[in-house]
Amino acid sequence: MKRAASFLLLTSLLVNGQELRWENTFDEPLDFKCPSGQSISSIKSQHHNHHEDRMWEFGCKDTFDSASDCFLSPNVNDFDQKFTFECPPHHIMTGMSSYHNNKHEDRRWQFFCCRSTDLCTADCEWTTYVNNFDEYFHWTVPNHNYLVGAESYHDNKHEDRRWKYKYCAKVQC
C-alpha cells in the first residue's frame, strides 16, 4: 500500500511538472512564438474529454541566419470547419495562436510565418494524419526540414481535431 501511495505521489508530481511546459491550459487562448531566429521543430498535444480541448507544447530550432520578416495570418478557420494553411513561398512557421469557444468546443487558428532573404524552401511534403481523435501526439519535423503548413478537420462527435503538417527542406536562394 505504501508503495502504491508513493507511486501515485510521484506520478502526480511528474504530471504537475509536465503541465508547467504546456503553452496553454484547457479552454484558454494559445499564443506561442519561437524565439527570434528560430522556427517550430516539434509539436506535442494532449486532448482531454472533460474539457473537449487540447493543450499544446512546442519545440524550436535555429533557422534564420539573418533578420527575418514575420507576420501573423488572419484566422484560417471558423469553428467546426476544416482548414488548410500554408505559409507563403519561402516562409517558415514560427508560431501558432488560437482561442477556444465552449459552445463549439473548438478553436480558431492563426499562424506566425517568417522568412529571410537568404532562405528558400524546396522539396515540400505533407504528413499523413499525426493523430487520431482523443489521443496525445508528439510530432517532430524531420531533420534538415522546416514546418511550413498545417491542415486540420474537426469532428463534433469527438469534439477534437486531427492534424497533418507540411514541411520543406531549406535551400540557398
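This passage describes a sheet, a set of aromatic contacts and one buried threonine in a predicted model. Residues are numbered from 1 along each chain as its sequence is written, and side-chain values use heavy atoms, with hydrogens and water left out. As the model is predicted, local features need pLDDT of at least 70 and side-chain atom pairs count only at pLDDT 80 or more, whereas totals for chains, interfaces and linings use all residues.

Four strands (DSSP runs of E, at least two residues, numbered from the N terminus) form an open sheet in the order 5-10-11-8, with antiparallel pairing, where two strands pair if DSSP finds at least two bridges between them. Strand 5 (83–86) and strand 8 (120–126) stand at the edges with a single partner strand each, so one side of each is left without a neighbour in the sheet. On average, and with direction ignored, neighbouring strands of this sheet are turned by 20° against each other, the axes being lines fitted to C-alpha atoms. Within the sheet, strand 10 (residues 145–155) and strand 11 (residues 160–171) pair in the antiparallel sense over ten bridges, and serine 152 has tryptophan 163 in strand 11 as its bridge partner.

The structure holds 16 aromatic pairs, defined as rings of Phe, Tyr and Trp (its six-membered ring) with centres within 6.5 Å, and classed as stacked if the planes are under 30 degrees apart, edge-to-face if over 60 and tilted for the rest. Tryptophan 139 and tyrosine 167 form a tilted pair, at 6.3 Å centre to centre and with 40° between the planes; this pair links distant parts of the chain, since tryptophan 139 belongs to strand 9 (residues 137–140) and tyrosine 167 to strand 11, 28 residues apart. Both tryptophan 139 and tyrosine 167 are buried, that is, under 20% relative accessible area with a 1.4 Å probe and protein chains only. The rings of tryptophan 163 and tyrosine 165 have centres 5.9 Å apart and planes at 10°, so this pair is stacked. Tryptophan 163 counts as buried at 1% relative accessibility, as does tyrosine 165 at 0%. One aromatic cluster includes Trp139, Trp163, Tyr165 and Tyr167, with Phe32 also among its members.

Phe32 is also one of the residues touched by threonine 94, as are Cys34, Ile40 and Phe112, when residues up to four places away in sequence are not counted and contact means heavy atoms within 4.5 Å. Threonine 94 is found in strand 6 (residues 92–101) and is buried, with a relative accessible area of 6%.

Key:
Buried means under 20% relative accessible area, exposed over 50%, partly exposed in between (1.4 Å probe, protein chains only). Axes are lines fitted to C-alpha atoms, for helices over the stretch in contact, and angles run from 0 to 180 degrees between N-to-C directions.
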